[in-house]
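Visitor: Please pick a single part of this model and walk me through it slowly. I would like to hear how it sits among its surroundings.

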Amino acid sequence: MVGMNLWHDLHPQGIAVILLHPGYVNTEMTGHQGPTAPADAARGLIARIDAATPESGCEFRHAEGELLPW
């Protein structure tokens with residue numbers, strides 16, 4: 001809901017808002033069990049940020065690009 005409120009407030013100013021899920025990343029937090037390397041997750045997140053536009057609405061996307069339901 002915070003993301004949607006931000007989008008409603010910032011969309012008129014031409015600012016994109018996107019909610020992102022990095023996936024199950026191989027970090028200390030996951031006990032190094034995640035199949036995704038941190039650098040790969042970061043690349044995916046950066047690609048999603050680069051592709052975001054104010055017109056795309058407030059989307060929730062996985063780092064690999066999949067639109068996630070919420």
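Guide: Happily! A word on terms first: a residue is called buried when its relative accessible area is under 20%, exposed when that area is over 50%, and partly exposed in between, with a 1.4 Å probe and only protein chains considered. Helices (H or I, at least four residues) and strands (E, at least two) are DSSP runs, numbered from the N terminus. Please keep in mind that this is a predicted model, where local features need pLDDT of at least 70 and side-chain atom pairs count only at pLDDT 80 or more, while totals for chains, interfaces and linings use all residues. Residues are numbered from 1 along each chain as its sequence is written, and side-chain values use heavy atoms, leaving out hydrogens and water.

Let us look at helix α2, which covers residues 38–51. The protein chain has two helices and two strands, and along the sequence they follow the pattern α-β-α-β. How long is α2? The expected span of a helix is 1.5 Å times one less than its number of residues. For the 14 residues of α2 this gives 20 Å, and the end C-alpha atoms are 20 Å apart, so the two values agree.

Next, which residues of α2 are buried? They are A41, G44, L45 and R48. Seen down the helix axis, these buried residues fall within an arc of 100° (taken from the directions from the axis to the C-beta atoms), so they line one face of α2. R43 and D50, on the other side of the helix, are exposed.

What does the buried face pack against? Its partners are β1 and β2. Here contact means heavy atoms within 4.5 Å. Strand β1 (residues 18–21) and strand β2 (residues 59–62) pair in the parallel sense over four bridges; for two strands to pair, DSSP has to find at least two bridges between them. Within this pairing, I18 of β1 stands opposite E59 in β2. Together, β1, α2 and β2 make a left-handed β-α-β unit. For the handedness, point the strands away from you: a crossover is right-handed if the path from the first strand over the helix to the second runs clockwise.

The loop between β1 and α2 also reaches this helix. P22 lies in that loop and counts as partly exposed, at 35% relative accessibility. Setting aside neighbours within four places in sequence, P22 is in contact with A41, L45, H62 and A63. A41 and L45 are among the buried residues of α2. P22 and H62 are 40 residues apart in sequence, yet their C-alpha atoms are 6.1 Å apart in space.

T36 is in the loop between β1 and α2 too. With a relative accessible area of 19%, T36 is buried. Not counting residues up to four places away in sequence, T36 touches Y24, V25, N26 and A41. A41 is thus a contact of P22 and also of T36. H32 is found in this loop as well, and has a positive phi of about 60° although it is not a glycine.

To place the helix in the whole: buried residues make up 29% of the 70 residues in the protein chain, and the C-alpha trace spans about 40 × 20 × 20 Å along its principal axes.
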